[in-house]
Amino acid sequence: MNQWIAAAQSFTLLLQRDPVRFSDDQLREIGPAWSALLAAAELSTGPQRDEWLMRDLWLRAWLLKNLGPRPDVPLLDPRSPFGRALDALPMSREEVAELAPRWRELERAQMLLLRMTKRLLAVMRTVAPYNGDHPRWAEHEAWQRLVGDLP
């Protein structure tokens, strides 16, 4: 596990050190390499409480913020982290609305699901400025109304 985390961190560092040095063509090639690294890590170690998903989403969010959206460059397509975060939410909005206000009373497993929900909603908030026309925008807004109650 530690080697995979180190590999992901090294890859991320190389991208974040000076992202503007990469051309769109290079970023198009880097995207599949990043995805392959994360897929191999997950295959080798398992999902690790969505460690690999979150690393992917946060790197993409960071790149969007620093390089801007480019729908023709998959790594910079703002729809990807937005939609993937929505798809990965581990509970329904109804469940979250019911459980979140009383999260201190819940079992650890439920608390962790609520915490994961909050982490995914944070990614969506970060990339939201680039997704105002996303077909699932209303869904995003409904979820964001629940953030204040999450642990």
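**Entry 1. Aromatic pairs**

I began with Phe 82, which is buried, with a relative accessible area of 0%. The model is a predicted one, and I keep that in mind throughout these entries. I then searched the whole structure for aromatic pairs and found two.

I looked first at the rings of Phe 11 and Trp 34. Their centres lie 5.2 Å apart and their planes stand at 40 degrees, so I record the pair as tilted. Phe 11 belongs to helix H1 (residues 2–17) and Trp 34 to helix H2, so that the pair links distant parts of the chain, 23 residues apart. I checked the accessibility of both residues: Phe 11 is buried, and Trp 34 is buried as well.

I turned next to Phe 82 and its partner, Trp 137. The ring centres are 5.9 Å apart and the planes meet at 10 degrees; because this angle is under 30 degrees, the pair counts as stacked. Phe 82 sits in helix H4 and Trp 137 in helix H7 (residues 137–144), which places the two 55 residues apart in the chain. Trp 137 has 23% relative accessibility and therefore counts as partly exposed, whereas Phe 82 is buried.

**Entry 2. Overall form**

I then noted the secondary structure of the protein: seven helices and zero strands. Read from the N terminus, the elements run α-α-α-α-α-α-α.

I compared the radius of gyration with the value for a compact globule. For 151 residues that value would be near 15 Å, and the protein has 16 Å, which agrees. Along the principal axes, the C-alpha atoms fill a box of roughly 50 × 40 × 20 Å. I also recorded that buried residues make up 43% of the 151 residues.

**Entry 3. Salt bridges**

I searched the whole structure for salt bridges and obtained eleven. Side chains of opposite charge can pair when their charged atoms come close. I examined several of the bridges individually.

Arg 70 forms a salt bridge with Asp 24, with 2.4 Å between the closest N and O atoms. Which parts of the chain does this pair tie together? Arg 70 lies in the loop between helix H3 (51–67) and helix H4 (79–88), and Asp 24 lies in helix H2 (residues 24–45), so the bridge ties together parts 46 residues apart in sequence. Arg 70 is partly exposed, at a relative accessible area of 21%. Asp 24 is likewise partly exposed, at 27%.

I then inspected Arg 28 and Asp 72, whose closest N and O atoms are 2.9 Å apart in a salt bridge. Arg 28 is in helix H2 and Asp 72 in the loop between H3 and H4, so this pair ties together parts that are 44 residues apart in sequence. For Arg 28 I noted a relative accessible area of 30%, which is partly exposed. Asp 72, at 48% relative accessibility, counts as partly exposed too.

I also looked up Glu 139 and Arg 136, whose side chains meet in a salt bridge at 2.9 Å, N to O. Glu 139 is partly exposed, with a relative accessible area of 26%, and Arg 136 is partly exposed at 24%. Finally, I asked which residues are joined by salt bridges that share partners. I found Asp 25, Arg 28 and Asp 72 joined into one network.

**Entry 4. Largest pocket and the loop between H2 and H3**

I recorded a volume of about 190 Å³ for the largest pocket. Its lining consists of Arg 49, Asp 50, Pro 90, Ala 109, Leu 112, Leu 113, Arg 115, Met 116 and Arg 119. I sorted these lining residues by type and obtained five nonpolar, no polar and four charged.

Two residues of the lining, Arg 49 and Asp 50, called for a check of the backbone. Phi of Arg 49 is near 55 degrees, a positive value in a residue other than glycine. Asp 50 also has a positive phi, about 65 degrees, although it is not a glycine. Arg 49 is placed in the loop between H2 and H3, and Asp 50 lies in the loop between H2 and H3 as well.

Are these two residues buried or exposed? Arg 49 is exposed, with a relative accessible area of 62%. Asp 50, at 29% relative accessibility, counts as partly exposed.

Notes
Residues are numbered from 1 along each chain as its sequence is written. This is a predicted model: local features need pLDDT of at least 70, side-chain atom pairs count only at pLDDT 80 or more; totals for chains, interfaces and linings use all residues. Side-chain values use heavy atoms; hydrogens and water are left out. On a 1 Å grid over the protein atoms alone, a cavity is a set of points where a 1.4 Å probe fits but cannot get out, and a pocket is an open set with protein on both sides within 12 Å along at least five of seven lines; lining residues have an atom within 4 Å of a point. Grid points are joined across faces, edges and corners, and a volume is the space filled by probe spheres set on the points. Ala, Val, Leu, Ile, Met, Phe, Trp, Tyr, Cys and Pro count as nonpolar, Asp, Glu, Lys and Arg as charged, and the others, Gly among them, as polar. A salt bridge is a side-chain nitrogen of Lys or Arg within 4 Å of a carboxyl oxygen of Asp or Glu. Helices (H or I, at least four residues) and strands (E, at least two) are DSSP runs, numbered from the N terminus. Buried means under 20% relative accessible area, exposed over 50%, partly exposed in between (1.4 Å probe, protein chains only). Rings of Phe, Tyr and Trp (its six-membered ring) pair if their centres lie within 6.5 Å; planes under 30 degrees apart count as stacked, over 60 as edge-to-face and the rest as tilted. The radius of gyration is taken over C-alpha atoms; the globule rule is 2.2 Å times the number of residues to the power 0.38.
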